Amino acid sequence: MSAVDELLAWARHELGHRADPREAAAVQKAGGLLVDIRYAELRERDGLIPGALIVERNELEWRLDPTGEHRSPEATHHDLPVVVICNEGYASTLAALSLRELGLHRTTDLDGGFQAWRNAGLPVV
């Protein structure tokens with residue numbers, strides 16, 4: 001097993017339950033954040049999840065830290081439910097764990113990423 005595969009396995013163990021597409025939609029409906037970290041080319045090619053906050057991966061921690069001066073207005077408190085979404089559910093796992101390290105303890109990621117969302121027949125624009 002490669003080092004990155006080991007890191008991913010450890011991160012998934014640390015996160016525990018990862019959201020499936022319907023659970024992620026329910027988090028959003030209940031007032032939580034869906035955070036799309038896919039790069040622009042993928043968003044342009046495949047579309048967007050309505051209402052998801054777009055944050056490039058390299059800015060994620062700065063935009064989601066509720067105590068930071070560069071935070072997004074949506075990053076209101078550490079108890080905010082957050083589901084991080086990448087294309088297929090790999091990078092989002094590592095990103096979600098990073099947000100947990102910042103104190104966003106209700107963060108997880110979308111198992112299967114945007115592709116799972118779309119394949120579940122959930123809205124895409």
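W10 is found in helix α1, which covers residues 3-15. The structure described here is a predicted model. W10 is partly exposed, with a relative accessible area of 44%. Together with L7 and L94, W10 makes a nonpolar surface patch of about 270 Å².

**The sheet**

Four strands form an open sheet, and their order across the sheet is β2-β1-β3-β4. The pairing in this sheet is parallel. The edges are taken by β2 (53-54) and β4 (107-109). Each of these two has a single partner strand, so one side of each is left without a neighbour in the sheet.

Strand β1 spans residues 33-36 and pairs with β2 in the parallel sense over two bridges. The pairing of β1 with β3 is also parallel and runs over four bridges. D36 of β1 stands opposite I54 in β2 and opposite I85 in β3.

In a regular strand the side chains alternate between the two faces of the sheet. In β1, L33 and V35 point one way, while L34 and D36 point the other way. All four of these residues are buried.

**Helix α5 and its surroundings**

Helix α5 (residues 91-101) packs on the sheet, where it touches β3 (82-85) and β4. The direction of α5 makes about 175° with that of β4. Which residues of α5 are buried? They are S92, T93, A95, A96, L97 and L99. The cover over these buried residues includes α1, α4, β3 and β4.

Just after α5, G103 takes a positive phi of about 105°.

One residue of α4 can be followed in more detail. E61 is found in helix α4, and E61 is buried, with a relative accessible area of 16%. Leaving aside residues up to four places away in sequence, E61 touches S98, L99 and L102. The contact with L99 involves one of the buried residues of α5. From E61 to L102 the separation is 41 residues in sequence, and their C-alpha atoms are 7.7 Å apart in space.

**Salt bridges**

How many salt bridges does a search of the whole structure find? The search finds nine. Three of the pairs are set out below, each with the separation of its N and O atoms.

| Pair | N to O distance |
|---|---|
| D36 and R38 | 2.7 Å |
| R43 and E56 | 3.2 Å |
| D46 and R118 | 3.5 Å |

The side chains of D36 and R38 meet in a salt bridge. Are these two residues buried or exposed? D36 has 0% relative accessibility and counts as buried. R38, at 2% relative accessibility, counts as buried too. A residue is called buried when its relative accessible area is under 20%, so the 0% of D36 and the 2% of R38 both meet this limit.

R43 forms a salt bridge with E56. R43 lies in helix α3 (residues 40-46), and E56 lies in the loop between β2 and α4 (60-64), so the pair ties together parts that are 13 residues apart in sequence. R43 is buried, with a relative accessible area of 16%, whereas E56 is partly exposed, with 28%.

D46 forms a salt bridge with R118. Which parts of the chain does this pair tie together? D46 lies in helix α3 and R118 in helix α6 (residues 113-119), so the parts that are joined are 72 residues apart in sequence. D46 is buried, with a relative accessible area of 11%, and R118 is partly exposed, with 33%.

There is also a network of salt bridges, which links R18, D109 and D111. D109 belongs to β4 (107-109), a strand at an edge of the sheet.

**Summary of the picture**

D36 connects several of these points. This residue is in β1 (residues 33-36), counts as buried, stands opposite residues in β2 and β3, and meets R38 in a salt bridge. Helix α5 packs on the sheet through β3 and β4, and the cover of its buried residues includes α1 and α4. Helix α3 holds R43, which pairs with E56 in a loop, and D46, which pairs with R118 in helix α6.

Notes: Residues numbered from 1 in each chain as written. Predicted model: local features only at pLDDT ≥ 70, side-chain atom pairs only at ≥ 80, totals over all residues. Heavy atoms only, no water. Patch = residues over 30% accessible without salt bridge, like charges linked within 9 Å, V, L, I, M, F, W, Y side chains within 5 Å. Areas by Shrake-Rupley, 256 points an atom, 1.4 Å probe, with all protein chains shown as cover. Salt bridge = Lys/Arg side-chain N within 4 Å of Asp/Glu carboxyl O. Buried < 20%, exposed > 50% of the residue type's maximum accessible area, 1.4 Å probe, protein only. Pairing = 2+ DSSP bridges. Contact = heavy atoms within 4.5 Å. Axes fitted to C-alpha atoms, helices over the stretch in contact; angles between N-to-C directions.
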